[in-house]
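Please open the model in your viewer and keep the selection panel at hand. The stops below go from one residue outward.

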Amino acid sequence: MSDQMKAKAAAAALEEVKGGMRLGLGTGSTAEHFVRLLGPRVRAGLDVVGVPTSERTAALARSEGIRLATLEELPELDLTVDGADELDSELALIKGGGGALLREKIVASASARMIVIADASKKVETLGAFPLPIEVVPFGLGATRRAIAKVLEELGYTPRLSLRGGDASPYVTDGHHHILDADLRQIGAPRALSDALLRIPGVVEHGLFLGLAAAAYIAGDAGVEKVEPRR
Ligand SMILES: O=C[C@H](O)[C@H](O)[C@H](O)COP(=O)(O)O
């Protein structure tokens with residue numbers, strides 16, 4: 001899907017930004033459009049402060065002149081705008097394709113409102129075609145991987161787990177962890193999967209974002225659609 005669609009979704013979310021807001025700044029190509037559109041507004045006098053969800057976003061936001069803070073300084077945020085790898089009609093999400101899921105989840109959870117921006121290719125009936133990123137600590141990686149595979153089997157999946165970056169040079173997150181990508185095809189019961197994964201020692205977080213997104217701006221050929229969950 002085109003970059004233009006991502007930019008349109010980002011522009012729609014920007015309409016929700018008001019002066020004085022404390023903003024969570026997401027990660028990824030769509031979230032970068034948002035930061036790039038926010039920059040000129042800030043330089044024109046819009047007073048906001050941003051908490052970035054990755055070092056990459058922090059660097060971009062700084063280059064745009066956006067004032068940054070940490071969650072230590074601002075433990076409560078007004079609005080987070082972030083992309084997603086997949087979203088369903090209830091706005092359950094898979095995130096973490098760009099490796100930022102842990103900080104993204106912390107920042108989204110600290111926000112009164114989280115908005116997803118995406119192009120229409122991210123919309124799915126059922127989550128799971130996009131491999132689920134699972135962030136794990138490097139210590140005990142082999143054992144954690146086995147434990148994850150066992151839990152997934154118990155839940156009825158035929159798990160295909162791959163270490164992002166490969167064994168020789170695994171990908172390292174901003175929090176100095178690794179990521180196992182679980183190709184699950186279809187995630188029938190996301191909450192049960194989430195709970196089971198979080199009970200495994202060595203698992204730091206996973207990319208299922210459940211009950212966090214309040215709205216999504218999804219850009220497609222017919223324009224930008226605003227989706228809200230039924231809850
Ligand atoms: O870790 C990365 C994030 O969860 C991204 O928001 C997600 O991967 C979507 O990225 P993009 O907008 O580049 O498709």
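**Stop 1: Glu 104**

Select Glu 104 together with the residues in contact with it, leaving aside neighbours within four places in sequence: Gly 26, Thr 27, Thr 53, Asp 82 and Lys 95. Bear in mind throughout that this is a predicted model. The UniProt annotation "active site", from an unreviewed entry, covers Glu 104. Is Glu 104 buried or exposed? Glu 104 counts as buried because 32 other C-beta atoms lie within 10 Å, where the cut-off for buried is 20 or more. Now extend the selection to residues 101-109, which form helix 4, the helix that holds Glu 104.

**Stop 2: the ligand shell**

Select the ligand and the residues around it. The shell has 18 residues, and the closest are Gly 28, Thr 30, Gly 83, Gly 97 and Gly 98. Which elements give two or more residues to this shell? They are helix 2, at 29-43, and helix 4. Helix 2 gives the most, with 3 residues. Colour the shell by class: 10 residues are polar, 4 are nonpolar and 4 are charged.

**Stop 3: strand 7 and its partners**

Go back to Asp 82, one of the contacts of Glu 104. The bridge partner of Asp 82 in strand 7 is Val 116. Select residues 111-119 to show strand 7 as a whole; the strand is largely enclosed by the rest of the structure, because 7 of its 9 residues are buried. Next add strand 4, residues 77-82, which runs parallel to strand 7 and is joined to it by 5 bridges. Then add strand 13, residues 215-220; this strand also runs parallel to strand 7, with 5 bridges between the two. To find one of these pairs, pick Asp 119, whose bridge partner in strand 13 is Ala 219.

**Stop 4: the two domains**

Zoom out and colour the chain by domain. Domain 1 takes in 3-123 and 210-226, while domain 2 covers 132-204. How far apart do the C-alpha centres of domain 1 and domain 2 lie? The distance between these centres is 25 Å. Select the residues where the domains touch: 12 residues of domain 1 are in contact with 12 residues of domain 2. On the domain 1 side, the largest share comes from helix 4, with 3 residues. That side divides into 6 nonpolar, 4 polar and 2 charged residues.

To finish, select helix 4 once more: this helix holds Glu 104, gives two or more residues to the ligand shell and supplies the largest share of the domain 1 side that touches domain 2.

Conventions
Residues are numbered from 1 along each chain as its sequence is written. This is a predicted model: local features need pLDDT of at least 70, side-chain atom pairs count only at pLDDT 80 or more; totals for chains, interfaces and linings use all residues. UniProt positions are given in the numbering used here, feature names are shortened, and annotations may be inferred rather than shown by experiment. Helices (H or I, at least four residues) and strands (E, at least two) are DSSP runs, numbered from the N terminus. A residue is buried if 20 or more other C-beta atoms lie within 10 Å of its own, exposed if 12 or fewer, and partly exposed in between; C-beta atoms are placed from the backbone. Two residues are in contact if their C-beta atoms, placed from the backbone, lie within 7 Å. Domain bounds come from an automatic or database domain assignment. Ala, Val, Leu, Ile, Met, Phe, Trp, Tyr, Cys and Pro count as nonpolar, Asp, Glu, Lys and Arg as charged, and the others, Gly among them, as polar. Two strands pair if DSSP finds at least two bridges between them. A residue is near a molecule or strand if its C-beta atom, placed from the backbone, lies within 6 Å of it.
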